[in-house]
Amino acid sequence: MNSWILLHTHSAIAFIIAVTQLGMTWFLFKSRSVIPIRKWLLLNYIASSTWYLDQMVRFSLYPGTEGSWVYKLETTFIYGPVLVAQMLANLQIYYQFIQPRFDTERKWVMMLMVPFSILLLGLIGWNELGNNSDTYTFQVISFVWGIISNVATLSIAIRKAISFKSTNKGGYQAHLILAAISASFFTLSIICVIYGLYSTIGYWTYFIFVWMGEIGLIITYLYFSEVFVSFQVKITGYSFASVVLFLTICTLIFFPPTLPEEIDKRIAQQDGLRKIFLISLSATVIIILLLPSLLRKTLTTPLKQVLRAVRKVNADNLNVQLPVMYQDEIGLLTTNFNKMTATLRQAKTRLEEYTRILGELYNNQQKIQEQTLNHVSQEIHDNVGQLLSLVRMQLNQVAAKGGTEDQLIADAQENIGRAMRDLRDMARGMSSDRIKLLGLFGSVEQEAQRIQRSGSCEVSTQCEGTVQSMDHQKEIILFRVIQESLQNVFKHASATRIDIFFNYQPHLLQIEVKDNGKGFMPEKEKRTGGLGLMNMQHRVQLTGGELLLDSEQGAGTRVTISVPLA
């Protein structure tokens, strides 16, 4: 038997936990997530895995080697520093896990922990170099430090859980688990200070609570943390945790921990513990090398293919079909994705057809409307206008002969003349040929003059910028919308003034029709099903533009139209 090494149950458990945490360290190094907690998790796992590897060696030392110079230097310069690093990183993690809290407090606590850490390192060094490596003093120093640090983390976890209770269910649950883990470590430290580590109660408490706490931390960080973003990493991590759980239970059942001085019992466990080491090492190699490859082939690669296909669909490429490689949930997801894209293609085709038909119907409607208005305009001009001209000529003849009703006839002449002017103006307003001749602003200006002459109200027009030509169909639509807006003023607003403002910009035309009428409530108009406003908005949208309405009771109404010139 080697005079230095004698394997112990905790050596195997420490090795299992150290390997697991080294695996987490590896995944963190590979992770591309940039979040504040990542560097503290890295420091925590590096320090913790180093500490457990150190524990593996310490518990494997043959009794009587504790006071050697190798032991003293290892305890002073490895055990102490990594314990301090682990505890400080753990505090940072608790403060910043999921969402940071108590940032000012965190900075003050870290400043206060620095002198405590220096004191801890000084006491460990003093015990090893000046107190002949007293085992009990060493345990008390370590576990008192554990009590202080775990009281701090317990307080942080409880207060963060309370702050998350009504806002973040996941954060609330995660910090309750962290609080329970800190409480278990705190309980462990108290029991070991009272009974000593090298006692039956101390030993079993230490092994079980350390094992449960470390596994609980790993699972909590895996489940709740945003660091791990891939299924491959998460499943590999859970596999590590499962292997640790199984191997640790087997170790504790078949090789229960013995006290350091129980040499015969420890010697009897050596063959079994060596097998546990080999099994743990083999399982680790399989999980690290084989499992990621299997997961990549059967899980992450198909999922990434689906994700790339989803991005193509988001980019409006619906001609995406994926091969169904597996008859499992991934295969079912792929099959349903293919069905979804096929359905979307059909829906898009139908929508495009409906849009085409609606466009044709609208164009036909516009043509019919303009043809009808042009026909009415022509009829008014050719028939009614000619008839009124004839009546006026006849009245002129009566007036020329003289009579007692000269004034009455003169009034009739004036009224008929006014009617003829109004009819001509109406005919011009109905005809789209005028828009082609005068342009949009010129036609609106002429319409404003007609209203002004009628005496209905005062109308002013103003144009800013260089007048630019537009598509004739667009100009017709905008002119009719402005006409309808003016008609709404006459019918409902009781206004005495209307201001029409055109603003030509390089690529945009803005039109504003403002009145000083009694106004109304647009929301109420929508609820009562006002079709006029809805029709105006839809017609402006057909030009690629936007219509906004601003009105209040007693404050008039402003209609603003914005339409691209191209």
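**Strands, helices and side-chain contacts**

Phe502 stands opposite Ile511, a residue of strand β3. This pairing is a good place to start a walk through the structure, which is a predicted model. Strand β3 covers residues 508–515, and its partner β2 runs antiparallel to it, with seven bridges between the two. The link from β2 to β3 is a hairpin of three residues. On its other pairing, β3 meets strand β5 (residues 557–564), again in the antiparallel sense, through eight bridges. Here Lys514 is found opposite Arg558 of β5.

The two faces of β3 can be told apart by what covers them. Leu509, Ile511, Val513 and Asp515 make up the covered face, while Leu508, Gln510, Glu512 and Lys514 make up the uncovered one. Ile511, the residue opposite Phe502, thus belongs to the covered face, and Lys514, opposite Arg558, belongs to the uncovered face.

Charged side chains come next. Side chains of opposite charge can pair when their charged atoms come close. The model contains ten salt bridges. One of them involves the strands: Glu458 pairs with Arg497, with 2.8 Å between the closest N and O atoms. This contact ties together distant parts of the chain, since Glu458 lies in strand β1 (residues 458–464) and Arg497 in strand β2 (residues 497–504), 39 residues apart. Both partners are partly exposed, Glu458 at 41% relative accessibility and Arg497 at 30%. Shared partners also join salt bridges into a network made of Asp103, Arg106 and Lys107.

A second salt bridge connects Glu105 to Arg159, whose closest N and O atoms are 2.6 Å apart. It too spans distant parts of the chain, from Glu105 in helix α4 (residues 103–129) to Arg159 in helix α5 (residues 135–164), a separation of 54 residues. Glu105 has a relative accessible area of 28% and is therefore partly exposed; Arg159, at 28%, is partly exposed as well. Arg159 has another contact, lying over the face of Phe102 at 4.5 Å from the ring centre.

A salt bridge within a single helix is formed by Arg274 and Asp271, where the closest N and O atoms are 2.6 Å apart. An α-helix has 3.6 residues a turn, so residues three or four places apart point the same way. Arg274 and Asp271 fit this pattern because they are three residues apart in helix α10 (residues 270–314), about one helical turn. Arg274 is partly exposed, at 41% relative accessible area.

Aromatic rings add a further set of contacts, with seven aromatic pairs in the model. Trp51 and Tyr79 form a tilted pair, with ring centres 6.0 Å apart and 40° between the planes. Trp51 sits in helix α2 (residues 36–60) and Tyr79 in helix α3 (residues 69–96), so this pair links parts of the chain 28 residues apart. Both rings belong to buried residues: the relative accessible area is 10% for Trp51 and 4% for Tyr79. Together with Tyr52 and Phe138, they form one aromatic cluster. Tyr79 also has a charged neighbour, as Arg58 lies over its face at 4.9 Å from the ring centre.

Finally, helix α1 (residues 9–30) has 22 residues, and at 1.5 Å a residue it should span 32 Å; its end C-alpha atoms are 32 Å apart, in agreement. Of these residues, 18 are buried, so α1 is largely enclosed by the rest of the structure.

Key: Residues numbered from 1 in each chain as written. Predicted model: local features only at pLDDT ≥ 70, side-chain atom pairs only at ≥ 80, totals over all residues. Heavy atoms only, no water. Salt bridge = Lys/Arg side-chain N within 4 Å of Asp/Glu carboxyl O. Helix = DSSP H or I, 4+ residues; strand = E, 2+ residues; numbered from the N terminus. Buried < 20%, exposed > 50% of the residue type's maximum accessible area, 1.4 Å probe, protein only. Phe/Tyr/Trp six-rings, centres within 6.5 Å; stacked < 30°, edge-to-face > 60°. Lys NZ or Arg CZ within 6 Å of the ring centre and 35° of its normal. Expected span 1.5 Å × (residues − 1). Pairing = 2+ DSSP bridges.
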